[in-house]
Number of protein chains: 2
Amino acid sequence: MCRLIGLGLFALPSLTLAAEGMWLLSQAAALSSRLHQAGLEIDPSSLDDLKAPPLGAIVSLGEDSGSFLSPQGLVVTAHHVVLDSLQYNSRPGKNYLADGFFAETLADELPAAPGSHIDVLEEVRDVTQAMERRANERMSGLERDARIAANRKALIAACEQQPGRRCEVKEDFGGARYRLLREFEIKDVRLVYAPPSGVGYFGGETDDWMWPRHTGDFSFYRAYVAPDGSSAPNARGNVPYRPKVWLKVARRDLKAGDFVMVAGFPQHTHRLRTAAEARFTFETYSPSAEASLSTYIAQLDRAIAAHPDAALDYASVMRDAHIALKKIQGQIAGADRLALVHRKTAEEKVYRDWIAADSNRQRYAAAAAALDRVLVDDQRAQMNDLVLDTLDRCQLLQAARLLYRWAKEREKRDAERAEGYQDRDRPAFEDKLAQIERQFTPDVDRTLLAAALDSYRTSNARDVRFLEKLDAIGLDRAYAMSRLAETSVRLSWLNRPISAFETSADPFISLAVVLYPGDRARERAAQDRRGRAQAARSLYLRGLLAFAAEHGREIYPDADGSLRLTYGSVTGRAVDGETWTPFTSAEGLVARNTGKGEFAAPERMIDRIGAKDYGSYASSALRTLPVDFLSDLDVSGGNSGSATLNARGEFVGVVFDVSLDGVISDWVFEPSINRTIHVDSRFMAWVMDRVDGAQRLLEEMQWAE
Amino acid sequence: MCRLIGLGLFALPSLTLAAEGMWLLSQAAALSSRLHQAGLEIDPSSLDDLKAPPLGAIVSLGEDSGSFLSPQGLVVTAHHVVLDSLQYNSRPGKNYLADGFFAETLADELPAAPGSHIDVLEEVRDVTQAMERRANERMSGLERDARIAANRKALIAACEQQPGRRCEVKEDFGGARYRLLREFEIKDVRLVYAPPSGVGYFGGETDDWMWPRHTGDFSFYRAYVAPDGSSAPNARGNVPYRPKVWLKVARRDLKAGDFVMVAGFPQHTHRLRTAAEARFTFETYSPSAEASLSTYIAQLDRAIAAHPDAALDYASVMRDAHIALKKIQGQIAGADRLALVHRKTAEEKVYRDWIAADSNRQRYAAAAAALDRVLVDDQRAQMNDLVLDTLDRCQLLQAARLLYRWAKEREKRDAERAEGYQDRDRPAFEDKLAQIERQFTPDVDRTLLAAALDSYRTSNARDVRFLEKLDAIGLDRAYAMSRLAETSVRLSWLNRPISAFETSADPFISLAVVLYPGDRARERAAQDRRGRAQAARSLYLRGLLAFAAEHGREIYPDADGSLRLTYGSVTGRAVDGETWTPFTSAEGLVARNTGKGEFAAPERMIDRIGAKDYGSYASSALRTLPVDFLSDLDVSGGNSGSATLNARGEFVGVVFDVSLDGVISDWVFEPSINRTIHVDSRFMAWVMDRVDGAQRLLEEMQWAE
């Protein structure tokens with residue numbers, strides 16, 4: 001039998017192999033006996049079928065995950081995923097963030113935040129050969145990168161001939177393999193139901209990444225399309241999308257030890273990175289990034305304190321910054337705790353020793369050396385970018401830079417433009433520019449720019465001409481003169497020629513023009529490094545695949561926002577002095593409810609729990625209503641909102657967090673401590689039924705009691 | 001049988017009565033059958049004997065607790081209790097805080113920080129009648145307070161006739177009863193052994209109030225006296241004190257469920273306070289105090305950032321501020337979680353209804369009304385003091401105010417001086433003034449004063465003349481001119497007459513003179529409130545004692561820094577989703593050791609654990625070396641360093657913390673969640689033996705393997 005093992009465990013064969021792995025669906029066949037052994041009751045090969053349940057029901061929400069739960073395009077996801085939409089629709093007197101939102105009828109469903117989309121994956125195809133066409137090893141990094149980019153564009157352009165489709169090429173194993181993904185992109189997304197923040201964000205920041213947990217972090221969107229079934233922007237006449245496949249809600253009692261799996265779109269992991277990359281990240285880069293983020297949060301705090309009106313505008317910016325800081329701190333602590341660098345070094349040695357053991361593997365040795373070299377250059381650039389990128393915290397300057405780049409790219413033929421600046425990107429680009437109005441206050445923006453300049457001025461990589469120009473204008477005058485704070489003005493620049501930028505009196509536009517040559521030079525240098533890295537890393541990891549194959553091991557590519565499958569079981573955790581039991585209960589929620597601040601559940605919910613009015617939603621094994629549960633599944637950012645499925649592929653909950661110990665799992669998965677946190681489907685249904693009166697949705701999902 | 005129950009539980013008879021109670025030793029007889037039932041194997045009446053083990057071995061360290069463990073005056077306490085002494089003895093190149101300290105011989109033992117003392121309790125006597133002499137209900141609050149103070153002074157003066165003795169009068173139940181305590185005060189205290197901070201403060205601030213815990217928070221002092229056995233200040237010829245009683249080290253395996261008790265000196269609890277006091281504290285006072293402390297910490301942080309040299313000077317100031325902040329935040333959260341105000345109100349109603357039910361209890365009703373009235377006045381004063389007291393963060397101004405007060409009091413006859421300003425107080429007063437040199441940097445002090453003035457200037461209770469004078473001098477000039485930063489100058493002021501103060505050119509002395517009349521007026525108002533409160537509260541709580549007696553209940557007075565006994569068992573905790581097991585282990589310590597920052601255990605310790613070199617120190621029940629353990633005992637601040645005793649009264653560990661959930665226990669004890677954290681005696685012995693080579697001490701305690 002084929003041994004299945006993650007890279008992280010090469011050197012540690014004694015550890016349990018439990019739940020590691022963010023598997024491609026195409027690997028399901030190789031996993032077949034393992035999946036059965038773990039408890040899967042359906043045919044493993046069905047997991048590679050995008051037209052069948054359960055995988056056909058899984059959708060991407062861009063940065064997060066969701067799944068269809070009804071034939072009318074109802075999509076379940078996490079509450080924190082719909083935060084922007086709740087904020088977007090809130091008005092004075094209508095605080096959907098605090099009070100929750102429920103559309104009594106289809107007609108009451110509200111447009112999601114601009115830029116929201118639901119992507120239904122239709123096809124995945126290997127395109128390694130097409131991506132390598134006319135690329136060779138004698139090219140410079142810049143040439144190679146351009147060649148690969150051109151191949152990618154050509155593949156995407158061909159794929160997107162089909163209307164309403166969005167295509168992507170994903171790089172696996174550093175470019176040893178490539179996949180083309182074709183998605184049906186639904187642009188009319190509507191907010192259907194979100195519980196109040198006292199349910200959906202119960203425990204607040206205090207509980208982020210924590211267990212025990214009592215958060216009802218789930219919500220519902222609905223996908224809408226034109227009456228003819230084609231993808232269309234939000235419009236009155238659109239109708240609910242009818243997916244071919246949707247998940248069935250589980251009726252079987254979920255309990256400790258049960259098989260579970262999660263399908264979703266985990267964002268980037270770095271488990272295949274080299275030991276040198278781990279060392280740089282945790283000993284140099286992350287500590288600096290932590291300091292920079294802490295400073296930013298303090299600056300934002302002070303700026304908002306001086307402008308209390310700005311608090312709502314910057315709520316999600318602030319939340320993201322806090323989450324990012326907590327994550328980076330958790331990663332640094334986790335790397336320390338797991339002795340990550342030491343572990344990576346030991347593991348890497350096993351592979352590099354294998355390379356050295358046979359002269360036929362000489363090309364892998366050369367690739368390793370080349371990779372190590374380009375990484376040193378890249379690290380220097382990363383440290384510079386840490387400072388330079390702080391300028392983008394000023395949204396007006398960022399908008400101006402994006403707009404000037406847009407104008408510059410527009411001078412080229414569409415196929416030759418940089419990625420993100422093609423005609424196909426225009427709607428997303430406009431959304432990005434428009435959204436600024438929802439999270440922008442001029443005084444706060446100016447304060448952030450002033451603060452960013454403090455470190456920028458002393459950076460080796462600073463742009464002296466930019467500083468001279470800015471000082472000549474003066475910060476206060478820049479904000480007084482610029483009209484970029486007006487959304488219509490920002491959008492109007494999308495259609496102006498280069499000359500209009502170069503002669504503009506708008507201070508931020510003129511600053512963007514000054515920054516442009518330096519920005520492009522940095523970009524070209526980055527492209528050259530990327531080309532060199534791709535050449536080296538793809539070969540280095542091809543070697544690793546050969547090494548794994550020789551040892552009868554299956555390995556998975558790093559996560560990249562594409563559909564992955566992970567499986568394991570409902571399980572708690574035991575460390576010295578502390579045991580986590582896998583389920584929390586409604587009574588536990590009441591015990592933590594203070595009625596204040598982050599721990600304020602709705603009174604009607606507390607009443608219903610007090611009355612033990614759980615109906616058929618209670619678990620027979622637990623003899624109470626479960627709230628959240630733990631599993632040993634291998635997920636990462638991007639899995640938020642992912643459906644959790646039982647052994648029959650039925651819906652049993654939604655992924656919304658991992659334990660703090662687990663945030664280092666981007667780099668290494670440690671089965672004894674990493675835990676994924678799910679909201680239990682029974683709690684979801686009970687809240688909808690007994691607390692929020694959302695019976696209409698339960699009926700639609702055939703979920704009524 | 002007499003029912004034993006804490007006040008907090010009057011209205012909640014269904015809760016377990018497990019471990020609540022900080023009992024007076026004189027209550028041991030009433031607890032007799034309960035103690036046996038709980039597992040005590042020695043005669044309960046022996047617990048009221050200060051000349052016999054185990055209680056005769058318990059000593060006070062002023063703010064903390066300790067106990068004799070050898071016939072040569074060796075005292076065990078917590079590591080964080082000896083922090084000041086480690087800091088005091090550290091020099092460049094000799095960082096005893098980081099590296100620990102071990103005196104190889106008696107001659108190597110170092111003087112503890114100035115002001116350290118070990119107090120051996122010799123006698124406790126009821127003095128209620130003497131304290132009430134010539135006090136009556138027609139007196140004003142000021143008169144009553146003065147009368148009680150005079151009675152107290154007379155009692156103390158008589159008691160302190162005996163040389164080397166220090167006496168105190170403690171008020172129980174708001175003055176319904178008084179106890180006179182006589183202590184033998186040992187002034188020559190020496191540092192014997194403290195493990196490195198990687199043991200004694202492993203986990204650092206991150207782990208304060210947390211479980212699981214792996215901290216070896218224990219250390220040893222030794223008591224020294226003059227060769228004739230009398231108390232004497234530190235001197236070369238002094239000899240180890242020979243206590244009549246010392247604790248025997250347990251040889252029996254301590255395990256989950258075992259009976260344990262703790263004897264020590266818990267500081268103030270507030271469990272007998274009224275519901276109105278709880279409401280004011282948690283809804284008004286504490287949130288303001290939290291804000292003030294947070295601001296202070298931020299100011300101190302910035303001040304130290306600007307003067308890195310000051311970091312060591314202010315280390316313990318900073319640590320205390322952080323601990324106080326975490327505690328106040330924990331208390332606010334705990335009060336919310338337990339619905340403290342609601343609970344107190346409900347409980348109080350039971351007692352007040354009982355008063356109202358019988359016209360013979362009319363005087364208790366009048367006392368309740370009077371108490372409620374004086375508390376309203378007191379709350380206003382507390383809010384003012386919160387701002388006014390911030391001036392004392394400036395140590396030079398504080399020193400000047402203390403000195404001028406000292407001079408003023410010296411004009412009176414000794415018996416008439418305010419408490420703390422009598423001849424008997426001079427050594428402690430000098431120590432306080434001297435200690436400033438160890439935690440003072442002029443620039444930091446000035447920054448703190450400047451910051452304190454920001455809020456002081458806008459306070460209703462500000463002293464306008466003080467502000468005028470200070471502004472006329474100017475802050476920078478005040479620091480440039482004052483010589484109070486010199487310890488010898490500060491001490492010299494102790495002998496100067498009032499006239500020298502009134503004509504002094506020292507800015508801080510002259511500011512203290514200006515502040516004096518206002519300070520005294522505030523003090524007189526406070527004394528009047530205190531007299532009124534004493535009259536009302538003593539009667540109100542006399543009524544509560546009658547109520548308790550009528551219901552066959554025993555209640556204990558609030559903690560006040562005097563010797564108390566609490567008993568219960570070694571036990572973990574279970575809340576929804578999380579279980580705490582009662583012991584942590586050496587392997588668990590290794591799992592948390594990162595070798596960096598707060599989690600850096602000494603390498604030789606990690607090596608010894610890796611080799612499982614536990615010898616006979618391992619627990620047979622646990623099959624490993626225990627590190628820390630949990631109990632359900634009822635302790636509070638002041639119990640730090642308290643000996644933990646098993647059913648035979650033998651030493652099994654040292655109290656060093658409570659769980660964060662438990663910091664609200666000053667106000668209410670919640671047996672399902674409050675947990676006390678102990679370092680296990682077996683870990684202590686193992687560290688001394690296998691890690692730090694302190695065999696000399698083990699032999700002295702007859703503890704060698």
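A salt bridge is a side-chain nitrogen of Lys or Arg within 4 Å of a carboxyl oxygen of Asp or Glu. In this predicted model, 2 salt bridges are counted between chain B and chain A. One of them joins B:Asp336 to A:Lys596, with the closest N and O atoms 2.8 Å apart. Polar contacts turn up here too: 11 residue pairs across the two chains qualify, both partners having pLDDT 80 or more. On chain B, helix 10 (315–337), strand 17 (578–580), strand 18 (583–585) and helix 21 (586–592) each give at least two residues to the side that touches chain A. Sorted by class, that side of chain B has 6 nonpolar, 8 polar and 5 charged residues.

How much area do chain B and chain A bury between them? The figure comes to about 1500 Å², with 44% of it on carbon and sulfur atoms. Just three residues, B:Asp336, B:Asp576 and B:Gly577, supply 37% of what chain B buries against chain A, more than any other three residues. As for head counts, 19 residues of chain B and 19 residues of chain A take part in the contact. The two chains also share some strand pairing: strand 17 of chain A (residues 578–580) and strand 17 of chain B pair in the antiparallel sense, over 3 bridges. Within this pairing, B:Trp580 is the residue that stands opposite A:Glu578.

Next comes a look inside chain A. Strand 9 (residues 177–186) has 9 of its 10 residues buried, so the rest of the structure largely encloses this strand. Which strands pair with strand 9 of chain A? One is strand 7 (residues 118–126), antiparallel to strand 9 and joined to it by 8 bridges; here A:Asp119 sits opposite A:Glu185. Another is strand 8 (residues 165–172), also antiparallel to strand 9 and also paired over 8 bridges. In that case A:Glu168 has A:Leu181 as its bridge partner. Strands 8 and 9 of chain A make a hairpin with 4 residues between them, and A:Phe173 in the turn has a positive phi of about 50°.

Back to salt bridges, then. Side chains of opposite charge can pair when their charged atoms come close. Over all chains, the structure holds 124 salt bridges. In chain A, a network of them links A:Glu122, A:Glu123, A:Arg125, A:Arg165 and A:Arg182. Elsewhere in chain A, A:Asp425 forms a salt bridge with A:Arg424, at 3.5 Å from N to O. Is A:Asp425 buried or exposed? A:Asp425 counts as buried, because its relative accessibility of 7% falls under 20%. A:Arg424 has a value of 27% and is partly exposed.

In chain B, the side chain of B:Asp425 meets that of B:Arg166 in a salt bridge, again 3.5 Å from N to O. This pair links distant parts of the chain, 259 residues apart: B:Asp425 lies in the loop between helix 13 (395–410) and helix 14 (426–435), while B:Arg166 belongs to strand 8 (residues 165–172). B:Asp425 is buried at 7%, whereas B:Arg166 is partly exposed at 25%. B:Arg483 and B:Glu486 form a salt bridge as well, 3.3 Å from N to O. In this pair B:Arg483 is partly exposed at 49% relative accessibility, and B:Glu486 is partly exposed at 36%.

One loop residue rounds off the tour. A:Ala461 lies between helix 15 (442–456) and helix 16 (464–473) of chain A and is partly exposed, with a relative accessible area of 28%. Leaving aside neighbours within four places in sequence, A:Ala461 is in contact with A:Asn384 and A:Leu388.

Definitions and conventions
Residues are numbered from 1 along each chain as its sequence is written. Chains are lettered from A and ligands numbered from 1 in the order in which they are written. This is a predicted model: local features need pLDDT of at least 70, side-chain atom pairs count only at pLDDT 80 or more; totals for chains, interfaces and linings use all residues. Side-chain values use heavy atoms; hydrogens and water are left out. Contact means heavy atoms within 4.5 Å. Buried area is the accessible area (1.4 Å probe) that two parts lose on being put together, summed over both. A polar contact is a pair of N or O atoms within 3.5 Å; within protein, one must be able to donate a hydrogen and the other to accept it, and residues adjacent in sequence count only if both atoms are side-chain atoms. Ala, Val, Leu, Ile, Met, Phe, Trp, Tyr, Cys and Pro count as nonpolar, Asp, Glu, Lys and Arg as charged, and the others, Gly among them, as polar. Two strands pair if DSSP finds at least two bridges between them. Buried means under 20% relative accessible area, exposed over 50%, partly exposed in between (1.4 Å probe, protein chains only).
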